[in-house]
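Open your viewer and get ready to click through a protein one stop at a time. At each stop you will find what to select and what is there.

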Amino acid sequence: MELESERLERRQLESLSTAELIRHAIEEARLLARAEVLHAKKELREEVKAARTSGILLGAGAVLGLVGLAALLVAAGLALPLAQWLGVLLVGVFLVLLAGGLAFAGARRLPKKPLSHTQERLKTDIARTRETLQ
């Protein structure tokens, strides 16, 4: 089912010479390439922003994990006299759990399939081009 505007454009294209048709096709390809580059840049910016947030969360989780491990080691060292070890142990366990939660949150926010929208648009464009050329 074609629209009237498409038929009008088709009539105009049928009246063009081969050289003009090639120029028109090249210009359309340039426009398509520019549009794809703009979409890819936008998508890449969004994914870099998400990766930055994930990196911050993963870094914070790693630092707190090291601090928690240090606290657990201090607790193990202080465990011998059996006086102050319980408080240090509880703080260490809390920090390790917090670090695990932050690391899990950061890992979940990492992009799973980079530039997925751009890849889908390119696949669609290739399929439409193949249909048109056949």
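**Stop 1: a residue on a long-range meeting point**

Select Ala-62, which lies in helix α2. Helices here are DSSP runs of H or I with at least four residues, strands are runs of E with at least two, and both are numbered from the N terminus. Ala-62 counts as partly exposed because its relative accessibility is 45%. Buried means under 20% relative accessible area, exposed means over 50%, and partly exposed is in between, using a 1.4 Å probe and protein chains only.

Now add Ala-103 to your selection. The C-alpha atoms of Ala-62 and Ala-103 are separated by 7.2 Å, with their places 41 residues apart along the chain.

A word on what you are viewing: this is a predicted model, in which local features need pLDDT of at least 70 and side-chain atom pairs count only at pLDDT 80 or more, while totals for chains, interfaces and linings use all residues. Residues are numbered from 1 along each chain as its sequence is written, and side-chain values use heavy atoms, with hydrogens and water left out.

**Stop 2: the whole protein**

Zoom out and colour by secondary structure. You should find four helices and zero strands, running α-α-α-α from the N terminus on. Of the 134 residues, 11% count as buried. Among contacts (heavy atoms within 4.5 Å) between residues at least 6 apart in sequence, 71% join residues at least 24 apart.

**Stop 3: the salt bridges**

How many salt bridges does the count come to? There are two, where a salt bridge is a side-chain nitrogen of Lys or Arg within 4 Å of a carboxyl oxygen of Asp or Glu.

Select Arg-30 and Glu-27 for one of them: their closest N and O atoms are 3.8 Å apart. The two are separated by about one helical turn, because they are three residues apart in helix α2. Arg-30 is partly exposed at 47% relative accessibility, and Glu-27 is partly exposed at 33%.

Next select Arg-121 and Glu-36, a salt bridge with its closest N and O atoms 3.5 Å apart. Arg-121 lies in helix α4 and Glu-36 in helix α2, so this pair ties together parts that are 85 residues apart in sequence. Is each partner buried or partly exposed? Arg-121 is partly exposed, with a relative accessible area of 24%, whereas Glu-36 is buried, at 10%.

**Stop 4: a buried charge**

Keep Arg-121 on screen and select Glu-43, found in helix α2 (residues 18-78). Glu-43 is buried yet has no salt bridge. The nearest side chain of opposite charge is Arg-121, 4.5 Å away from Glu-43; Lys and Arg count as positive and Asp and Glu as negative, with His and the chain ends not counted. Leaving aside neighbours within four places in sequence, Glu-43 is in contact with Leu-115, Ser-116, His-117, Thr-118 and Arg-121.

**Stop 5: the largest pocket**

Finally, select Glu-28, Ala-29, Leu-32, Thr-129 and Thr-132. Among the 13 residues that line the largest pocket, these lie nearest its centre. The elements that give two or more residues to this lining are α2 and α4 (116-133), and α2 provides the largest share, seven residues. A pocket is an open set of points on a 1 Å grid over the protein atoms alone, where a 1.4 Å probe fits, with protein on both sides within 12 Å along at least five of seven lines; lining residues have an atom within 4 Å of a point.
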